[in-house]
Amino acid sequence: MAKSARQAQVEKAALYPLDWVEERSGLVGYTKWFLFRNVPRDINWMQTLGAATLTAFLVQATTGVFLAMYYKPDPDSAYASIQNITNEVTLGWLVRGMHKWGASLFIILMFLHMARTFMFGAYKYPRELNWITGVLLLVMGMAEGFTGYLLPWDQTAYWATVVGININATAPIAGPFLAQFLQGGAQIGPETLAKFYSLHMLVIPGGIMALIGLHMYLVVRLGVTSPPWSKTAAGRPRGEGEEPEGYGAYREGLIREHKEEDEAS
Amino acid sequence: MSDGTDNHDQAPGSSLWPIGFAIGIACILVGLVISWPAAVLGAAITIVFGVLWIRDTARTHAPVDSDPAHALVDGTPSEAQIAAEGEHLETYGRAGFLTLATIGLGGVIGAGVVLPSLGFAVLPSFMGEGIETNPVDLGPLENFPEGTFVITSFTGSKRQGDVSRRTAYIRNNGLSAEKEPSFTIIYSRCVHLGCAVQPNGPRFEDEAKTYKDVTITPVKPAGFGCPCHGGAYDNEGNRTAGPPVRSLDRYAFSIVDGNLVLGDHFSVGTVDGTAADAVMTRYPVAYPGIHVDGISKWLYPLPVPGAGS
């Protein structure tokens, strides 16, 4: 069906901003290249768990940024500021709830994603680095949980942190040093709260974002794993554009092997 | 590049510079413990031998022209060969120098930013900056009846305020065999993982006394118990059950103008004897869950600076 001149004009006007950006940055093309990748034909719903984990992290990052606008990391006012967020600030109960429950969801999703990767054998060559960065992300995610738990500064938070720091202290040789670094001195006090706040909202999230970038780069470069019951092994090559050299040959080899197996049977 | 020819003969790996470099590093480490001048000397040795080592390595790995296209054709150098030769020399000379200079300068600038920041992030925890040096005055001796424990709650650090509120179980043992006053002062934190240990016995809230912000409540415990993981102790703080690895920490004391004043906090392996006759070895205060005596103490060989008295 031919477009009318008017339709074409409207379309052109609507797409003009995108074309403007594309011409100057190539970003539209890169985004399309990033989003519209070939994946194995028999991909599984379980393989959405990674994206779900990423979404959970983004929820934490977004709500956390806004919670930081109302939270006061000081022993005299921390608890009161949490009460204020929960009971007084408009929609504070909702955003704090999202952050609190989202934290558990983030951890749970990380474990489910990890279990999927393990069950599908997706940690094997050439994806070992993806597993390693994933394990580091898991550790940092749990460190987020540990540091965030202290911030409400109530009895649960305080004693959980006392026990948590002392568990760290029992590690041979380095344990006491780690514990003392975490509590920022000889005792848990104002320094501990400020330090945990800084770790929780700046240091560890920065590390997580960097590692997520690396993790995603590897996913895009190496492609999505087929499920273990798949016959096409490592998916199909991209329709156009250059393959990464070493890996392309490897993938061709895999596909050829499986074809031979199919023909033999 | 007039000296370019005589360097390719060197066999790699025969250099002595790394050994000097290692000696320099060792000097720095020993110097950090012993004295600053030694550390500075070590740094100088490290830098000198490091530079020599890098120079040596750079010479050994200087590019060797093995491209057959550059071989002489009919004894005369071709135009392409001359061009390539010029390019090649240029690559080693200026580009190599600029690369090294960029990496070196970048490293120096990066270290200038990162090292102070890291030191600022890590070192204050180990300088003992948060430790309160003012002794805690617990009030007149009459508030501590002889032979019974009192739950004493006090503020450990005026600067930190309520977050430094601590509890000790104090028993006035009367006079010791040497006619000296004797107090058993047990710190309330469990030596498993640091929860608050509770006295197993009736409290006498109506006999409670206060002195400034110190509260003193008599109690008749048959030992102490931890609500978190079930650690149990007798009245001397010796472990009787559960996961703790040593006896409860204690405080030393002094008596100033008729008032009981809290002294150094210390850790205890085990306590022999009871009350005024109790005998124990004082260890520097250790984190809960850490062995202070026996073979297991070798798991924690390094003292933590700034950990308190």
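Me: What places Ala168(B) in a strand of chain B, and in which one?

Reply: Ala168(B) falls within β3, residues 165-175 of chain B. Strands are DSSP runs of E, at least two residues long, and helices are runs of H or I of at least four, numbered from the N terminus. The model is a predicted one, in which local features need pLDDT of at least 70, side-chain atom pairs count only at pLDDT 80 or more, and totals for chains, interfaces and linings use all residues. Residues are numbered from 1 along each chain as its sequence is written, with chains lettered from A and ligands numbered from 1 in the order in which they are written.

Me: Why does Ala168(B) count as buried?

Reply: A residue is buried with 20 or more other C-beta atoms within 10 Å of its own, exposed with 12 or fewer, and partly exposed in between, the C-beta atoms being placed from the backbone. Ala168(B) has 27 such neighbours, so it is buried.

Me: Which residues is Ala168(B) in contact with, leaving aside those within four places in sequence?

Reply: Contact requires C-beta atoms, placed from the backbone, within 7 Å. Ala168(B) touches Thr152(B), Ile185(B), Ile186(B), Tyr187(B), Ser188(B) and Tyr251(B). Ile186(B) is 18 residues away in sequence, yet its C-alpha is 5.4 Å from that of Ala168(B).

Me: What makes a nonpolar core, and which residues have the most contacts inside the largest?

Reply: Such a core is a set of buried Ala, Val, Leu, Ile, Met, Phe, Trp, Tyr and Cys residues joined through C-beta atoms within 7 Å. The largest has 28 residues, and Ala168(B), Ile170(B), Ile185(B) and Leu248(B) have the most contacts inside it.

Note on methods. Contact = placed C-beta atoms within 7 Å.
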